[in-house]
Amino acid sequence: LSGYVTLDSGYKNTGATKSAITFLDGEQGILKYRGYPIEELAEKSSFLEIAYLLIYGTLPTQNELDNFQYQISRHTLVHEDMKKFFDGFPSHSHPMGQLCSLVCSLSAFYPESLNVHAGKEEENTTILKLLAKMPTVVSWIYKKGIGHPIIYPQNDLDYVSNFLNMTFGQRTEKYVIDPVVVSAMNKLLILHADHEQNCSTSTVRIVGSSDCNLYASISAGISALWGPLHGGANQAVIEMLEKIKNDGGDVDKWVAKAKDKNDSFRLMGFGHRVYKNFDPRAKIIKKACDDILEKLGINDPVLEIAKKLEEVALSDPYFADRKLYPNVDFYSGIIYRALGFPTEMFTVLFALGRLPGWIAQWKEMRENKEPIGRPRQIYVGEVNQEFVEISKR
Ligand code: SDX
């Protein structure tokens, strides 16, 4: 304490804002979007419906949803000049580095987005453009990684089917859109759509609080999500499971490593700042894992390792004492892999899912006219230093 400032590293006990978008109860393992339980939304809604709910506050009527889909379809193309910028990336540069750069560059290609005081209609067009262009840009990044030509948007397809077609479609043959894959993708994107004031969302809010435009604010959120302690965990989980598999599947050894204070290794996909019980999203994804792999006829050995790891960890007092349970990232990568995505694309898919939440939170922050974010500090440095000429240092 220093007079008027309370130190709260990592804002573990700070309420940074008031929000009506997402409700989390970490003790009960409850997650609700605009008051609706995630379990119901994940089963019964489409991702675009949830994007509408998060951004505009109500579940859309069929008419509203159709119009939303139509408005988005007007903006799915990305300015052709962006390809010149995009072509400059090395083909195997990390997809998250490409994504945060491309999303920020939208502010250069669509400069009308820079004026955050233009009005509600202009703001909504900026929002629709980002929702529409994100799947296109994500599919570009995937195609670059495999050295294939991009596939243009097809506006007669729904949001998720269009994304799958641009990603897995080829110019040489028609891509057959599998309803199992569409349903799994909708569910995964819904489960990632918002999560109150997590690291990346707080980043979007604080950058936006300086009157910074939407695209640059979201780009900052993408950078925060990239970190392996946050969204990057879904890539780190698969890399960890692969390592354990290649090490003979000795789960006990790796759990012991995670407990060893002298070892920096952590069980990726375990633990959560807020959930001190099971992450409700992990429960839904774990169930979906079995279901989707069975439907697609895939037997993925890392799934068995994941289940064994979870079983061993949850029976170990170290994890129980610290209330460490599997989080959203623990199983999601196994499904993404089953759907055909390479590991380095997993966090980009997390960003695609989180986009409506980031937008909704940025919009709410502006509607509530929140002040620019500027926390204080406890100063622990030198106080009265005498200047010394360089010749005397
Ligand atoms: C996401 O906030 C959100 O909502 C995020 C998210 C979202 O939807 O936006 O839910 C998405 O980011 C999920 C989390 C993904 N990250 C990981 O899976 C990485 C592995 N987990 C962690 O590093 C950790 O659990 C965090 C970052 C998730 C939470 O960190 P905290 O709350 O700061 O907890 P901590 O680091 O202070 O750990 C508390 C104790 C420590 O032990 P002690 O010092 O008390 O003895 O638990 C231990 C830690 O060493 N610990 C772990 C561990 N996580 C915490 N030990 C082994 N393995 C782990 N994974």
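Two strands pair if DSSP finds at least two bridges between them. I kept that rule at hand while going through this predicted model.

**Entry: the hairpin**

I looked up β1 and β2 against that rule. Strand β1 covers residues 22–25, and strand β2 covers residues 30–33. The two pair in the antiparallel sense, over four bridges. I then asked which residue of β2 is the bridge partner of aspartate 25. The partner is isoleucine 30.

Four residues sit between the strands of this hairpin. I checked the backbone there and noted glycine 29, which takes a positive phi near 70°.

Next I took the faces of β1. In a regular strand the side chains alternate between the two faces of the sheet. Which residues of β1 are on the covered face, and which on the uncovered one? Thr22 and Leu24 are on the covered face. Phe23 and Asp25 are on the uncovered face.

**Entry: the cavity**

I turned to empty space. Rolling a probe the size of a water molecule over the atoms shows where empty space is left. My search of the whole structure gave one cavity of 30 Å³ or more. The largest cavity holds about 70 Å³ of space.

I went through its lining. Gln69, Ile72 and Ser73 are among the lining residues. So are Ala132 and Pro135, and also Gln154, Asn155, Leu157, Asp158, Tyr159 and Asn162. Thr76 belongs to the lining as well. Which elements give two or more residues to it? They are α3 (62–73), α6 (120–146) and α7 (159–168). The largest share, three residues, comes from α3.

By class I have five nonpolar, six polar and one charged residues in the lining.

**Entry: tyrosine 70**

I stayed with α3, since tyrosine 70 lies in that helix. Is tyrosine 70 buried, exposed or partly exposed? Its relative accessible area is 44%. Tyrosine 70 is therefore partly exposed, as buried means under 20% and exposed over 50%.

I also took a distance to aspartate 158, a residue of the cavity lining. The C-alpha atoms of tyrosine 70 and aspartate 158 are separated by 9.5 Å. Along the chain the two residues are 88 apart.

**Entry: the whole chain**

I closed with the overall figures. I have 17 helices and three strands in the protein chain. The radius of gyration is 22 Å, and the globule rule gives 21 Å for 393 residues, so the chain is as compact as a globular protein of that length. The C-alpha atoms fill a box of roughly 70 × 55 × 50 Å along the principal axes.

Buried residues make up 51% of the 393 residues. Of the contacts with a separation of 6 or more, 76% join residues 24 or more positions apart.

Key: Residues numbered from 1 in each chain as written. Predicted model: local features only at pLDDT ≥ 70, side-chain atom pairs only at ≥ 80, totals over all residues. Heavy atoms only, no water. 1 Å grid on protein atoms, 1.4 Å probe; cavity = no way out; pocket = protein on both sides within 12 Å on 5 of 7 lines; lining within 4 Å. Points joined across faces, edges and corners; volume = space filled by probe spheres on them. Nonpolar A, V, L, I, M, F, W, Y, C, P; charged D, E, K, R; others polar. Buried < 20%, exposed > 50% of the residue type's maximum accessible area, 1.4 Å probe, protein only. Rg over C-alpha atoms; globule rule 2.2 N^0.38 Å. Contact = heavy atoms within 4.5 Å.
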